[in-house]
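Work through the exercises below with the sequence and the model side by side. Try each task before reading its solution.

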Amino acid sequence: QVQLVESGGGLVQAGGSLRLSCTASGRTFIFSRYGMGWFRQAPGKEREFVAAINWSGGSTYYADSVKGRFTISRDNAKNTVNLQMNSLKAEDTSIYYCAARSTPFSQNSPTRDYQYDSWGQGTQVTVSS
């Protein structure tokens, strides 16, 4: 059983920054063996991919809508994955979810939410224009 807990959401003005964190835990969970992703879902919309990072942190992936503004990183010693969000826009307003998957990114796309095994409860990000 894997537990993922997000933090760092909040209200920010357009152009501002937020840093989301996700801490993973589990009795038999080995964080460094999992790829990690961030997804988001706005009211009335489908969940969409935001960013992902492979087990080592050596490969990162971004949605076109956030490329150049968001940065994903991980600290395997602390079992955490972070999402630094800069130059925020009103359209970034969503609930942001952290997710973990055991299937290597080399086997299938990291952007598909159904490939992820475990999910956090989400953290709200609201960007005011």
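The exercises go from the whole chain to single residues, and the model they use is a predicted one.

**Exercise 1. The chain as a whole**

Task: State how many helices and strands the protein chain has, and in what order its elements run.

Solution. Step 1: the protein chain has 0 helices and 11 strands. Step 2: read from the N terminus, the elements run β-β-β-β-β-β-β-β-β-β-β. Step 3: the radius of gyration is 14 Å, close to the 14 Å that the globule rule gives for 129 residues, so the protein chain is as compact as a globular protein of that length. Step 4: along its principal axes, the C-alpha trace spans about 45 × 25 × 25 Å.

**Exercise 2. Burial, surface and charge**

Task: Find what share of the 129 residues counts as buried, and what share of the exposed area carbon and sulfur atoms supply.

Solution. Step 1: a residue is buried when its relative accessible area is under 20%. By this cut-off, 44% of the 129 residues count as buried. Step 2: the protein chain exposes about 6,600 Å², and carbon and sulfur atoms supply 45% of that area. Step 3: for the charges, take the mean position of the 13 positive ones and that of the 9 negative ones; these two points are 6 Å apart. Step 4: turn to contacts with a separation of 6 or more; residues 24 or more positions apart account for 58% of them.

**Exercise 3. Two residues in one loop**

Task: Locate Asn-108 and decide whether it is buried or exposed. Then do likewise for Gln-115, and say what links the two side chains.

Solution. Step 1: Asn-108 is in the loop between β9 (94–101) and β10 (118–119). Gln-115 is also in the loop between β9 and β10. Step 2: Asn-108 has a relative accessibility of 18% and therefore counts as buried. Gln-115 has a relative accessible area of 17%, so this residue is buried as well. Step 3: the side chains of Asn-108 and Gln-115 make a polar contact at 3.4 Å. Step 4: leave out residues up to four places away in sequence and list what remains. Asn-108 then touches Arg-101, Thr-103 and Gln-115, while Gln-115 touches Arg-101, Asn-108 and Ser-109.

**Exercise 4. A proline in the loop**

Task: Which residues does Pro-110 touch, not counting those up to four places away in sequence?

Solution. Step 1: Pro-110 sits in the loop between β9 and β10. Step 2: its relative accessible area is 7%, so Pro-110 is buried. Step 3: the residues that Pro-110 touches are Phe-39, Phe-49, Ala-52, Tyr-61, Arg-101, Phe-105 and Tyr-116. Step 4: for a distance check, take Ser-17, which is 93 residues from Pro-110 along the chain; their C-alpha atoms are separated by 25 Å.

**Exercise 5. A strand residue and a loop residue**

Task: Say where Val-12 lies and whether it is buried or exposed; then treat Lys-45 in the same manner.

Solution. Step 1: Val-12 belongs to strand β2 (residues 10–13). Lys-45 lies in the loop between β4 (35–41) and β5 (48–53). Step 2: Val-12 is buried because its relative accessible area is 13%. Lys-45 is exposed because its relative accessible area is 58%. Step 3: beyond its neighbours within four places in sequence, Val-12 is in contact with Ser-17, Leu-18, Leu-88, Thr-126, Val-127 and Ser-128. Step 4: from C-alpha to C-alpha, Val-12 and Lys-67 are 19 Å apart in space and 55 residues apart in sequence. Lys-45 and Ser-94 are 49 residues apart in sequence, with 9.6 Å between their C-alpha atoms.

**Exercise 6. Positive phi values**

Task: What is phi of Asn-79, and what is phi of Ser-87?

Solution. Step 1: phi of Asn-79 is near 55°, a positive value in a residue other than glycine. Step 2: Ser-87, not a glycine either, has a positive phi of about 50°. Step 3: Asn-79 is in the loop between β7 (70–75) and β8 (80–85), and Ser-87 is in the loop between β8 and β9. Step 4: Asn-79 counts as partly exposed at 22% relative accessibility. Ser-87 counts as partly exposed at 42%.

Definitions and conventions. Residues numbered from 1 in each chain as written. Predicted model: local features only at pLDDT ≥ 70, side-chain atom pairs only at ≥ 80, totals over all residues. Heavy atoms only, no water. Helix = DSSP H or I, 4+ residues; strand = E, 2+ residues; numbered from the N terminus. Buried < 20%, exposed > 50% of the residue type's maximum accessible area, 1.4 Å probe, protein only. Polar contact = N/O pair within 3.5 Å; in protein donor to acceptor, adjacent residues only side chain to side chain. Contact = heavy atoms within 4.5 Å. Rg over C-alpha atoms; globule rule 2.2 N^0.38 Å. Areas by Shrake-Rupley, 256 points an atom, 1.4 Å probe, with all protein chains shown as cover. Lys, Arg positive; Asp, Glu negative; His and termini not counted. Charge placed at Lys NZ, Arg CZ, Asp CG, Glu CD.
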